[in-house]
Amino acid sequence: AKAQGRHRLQFFEPGINDHISQRLKMEQALRLALSNRELSLHYQPQYSLRTGALTGFEALLRWHSAELGYVGPDRFIPLAEETGLIAPIGEWVLRSACEQGARWRAEGMEVAIAVNVSACQFRHDLPDLVASALESTGLPAGLLVIEVTETALMQDLEQTAAMLLQLRALGVRIALDDFGTGYSSLAYLKRLPLDKLKLDRAFIQSLPDDSDDTAIVRAMLDVARHLGLETVAEGIETPQQQAFLDGVGCAEGQGYLYARPMPAEQATDFMREAQIP
Ligand code: C2E
Ligand code: CA
Ligand code: CA
Ligand code: CA
């Protein structure tokens, strides 16, 4: 029994071993993803709800692994964070997104580019990385938006505020992503130099029928207005959601109603069409 059970000595549940080897496999594949050119960015458009004009794109990371097939960011970003791989990957994302923004601008399509930055990237050298990405690609800082989540900001408030100021000094804008889903107090908003609040899809999806969510969204927009922050709603899927959000003064919107995230070439075509008067 002992010899037979050798490989099973560590864990009683066979499922756990599967889970661990699965994870190791993904980690090994992710280590090679950059050099194997398996990562790409998709772009999802953002619009002014008032004018309907396209204002920018959010860059979203995609991984088509030769070994594992398509793996969604909700699965591999946490792994990249735990293993430290997020540093090189995040740097690649930043540079690639800035490159694309600069290319679009050179072709006469000046749009803002929003890039997600995870909590572990939120370290002292971030302003240097951003400055170097802007410099080497030639993207004007005013076209770059850094999206951060509450968890990233709450780790060390003093240090965070100092770093945000450095980023802003470059001319970059800062958006608070998934606003309302974290545990932060509203008082923090006042102490952090932010430019934009991104209302999470969780509050958008049952608009305009749910009376709790309509109240919450109105309240969040009120807060934003009083603090002088721009607003974006994410996950807009229906014309009714759009109409409600426009009606209560949300400035911008993003969601499947307009377009899913798409590869850069497709986004270029999309923009050309969108710009036809
Ligand atoms: P997020 O930053 O909150 O991005 C919004 C997510 O909502 C994206 O999922 C987007 O495709 C999806 N979405 C947009 N509109 C709609 C809609 O109308 N309905 C629904 N159901 N979903 C919509 P995605 O691309 O799978 O990304 C998931 C998360 O992975 C992102 O959430 C972000 O936290 C993370 N992520 C993606 N790319 C990066 C990256 O380059 N760096 C980092 N650190 N995280 C990233
Ligand atoms: Ca985001
Ligand atoms: Ca979000
Ligand atoms: Ca989200």
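Here is a short briefing on the metal sites, cysteines, aromatic rings and one helix of this structure. Please keep in mind that this is a predicted model. Two calcium ions, ligand 2 and ligand 3, lie 3.9 Å apart and are bridged by Asp177. Elsewhere, a search of the whole structure finds 0 disulfides, and the structure holds 5 aromatic pairs.

**Calcium ion (ligand 2)**

- The protein donors here are Glu58 through OE, Asn116 through OD1, Glu147 through OE and Asp177 through OD, and they lie 2.1 to 2.3 Å from the ion.
- Along the chain, the donors of this calcium ion follow the spacing E-x57-N-x30-E-x29-D.
- Two of these donors, Asn116 and Glu147, link distant parts of the chain: Asn116 belongs to strand S4 (residues 112-116) and Glu147 to strand S5 (residues 144-149), 31 residues apart.
- Is Glu147 buried or exposed? Glu147 is buried, because its relative accessible area is 2%, under the 20% cut-off.
- Asn116 has a relative accessibility of 28% and therefore counts as partly exposed.

**Calcium ion (ligand 3)**

- For this ion the protein donors are OD of Asp177, OD of Asp178 and two OE entries from Glu234, at 2.2 to 2.6 Å.
- The donor residues are spaced D-D-x55-E in sequence.
- Asp178 and Glu234 connect distant parts of the chain, 56 residues apart: Asp178 sits in strand S6 (residues 173-179), while Glu234 is in the loop between strand S8 (230-233) and helix H10 (239-247).
- Asp178 is partly exposed, with a relative accessible area of 25%, whereas Glu234 counts as buried at 14% relative accessibility.

**Cysteines**

- Cys98 is in no disulfide, and the nearest cysteine sulfur, that of Cys120, is 19 Å away. A disulfide would need the two sulfur atoms within 2.5 Å.
- Cys98 is buried, with a relative accessible area of 0%.
- Cys250 is also buried, with a relative accessible area of 3%.

**Aromatic rings**

- What kind of pair do Tyr43 and Trp104 form? The pair is edge-to-face, with 5.1 Å from centre to centre and 75° between the planes; the angle is over the 60 degrees that this class requires.
- Tyr43 in strand S1 (residues 39-48) and Trp104 in helix H3 (residues 86-106) are 61 residues apart, so this pair links distant parts of the chain.
- Both partners are buried: Tyr43 has 3% relative accessibility, and Trp104 has 0%.
- Ring pairs join Tyr43, Phe57 and Trp104 into a cluster.
- A charge also meets a ring in this model: the charged end of Arg260 sits over the ring of Tyr256, 3.8 Å from the ring centre.

**Helix H4**

- Helix H4 (residues 126-137) has 12 residues, which at 1.5 Å a residue should span 16 Å; the C-alpha atoms at its ends are 17 Å apart, in agreement with that expectation.
- Which residues of H4 are buried? They are Leu126, Pro127, Val130, Ala133, Leu134 and Thr137.
- These buried residues lie on the same side of H4 because they cover an arc of only 130° around the axis.
- Asp128 and Glu135 are exposed on the other side of H4.

How values were computed
Residues are numbered from 1 along each chain as its sequence is written. Chains are lettered from A and ligands numbered from 1 in the order in which they are written. This is a predicted model: local features need pLDDT of at least 70, side-chain atom pairs count only at pLDDT 80 or more; totals for chains, interfaces and linings use all residues. Side-chain values use heavy atoms; hydrogens and water are left out. Donors are N, O and S atoms within 2.8 Å of the metal (3.2 Å for Na, K and Ca); water is not among the atoms, so sites may look incomplete. Helices (H or I, at least four residues) and strands (E, at least two) are DSSP runs, numbered from the N terminus. Buried means under 20% relative accessible area, exposed over 50%, partly exposed in between (1.4 Å probe, protein chains only). Rings of Phe, Tyr and Trp (its six-membered ring) pair if their centres lie within 6.5 Å; planes under 30 degrees apart count as stacked, over 60 as edge-to-face and the rest as tilted. A charge sits over a ring if NZ of Lys or CZ of Arg is within 6 Å of the ring centre and within 35 degrees of the ring normal. The expected span of a helix is 1.5 Å times one less than its number of residues. The arc is that of the directions from the helix axis to the C-beta atoms.
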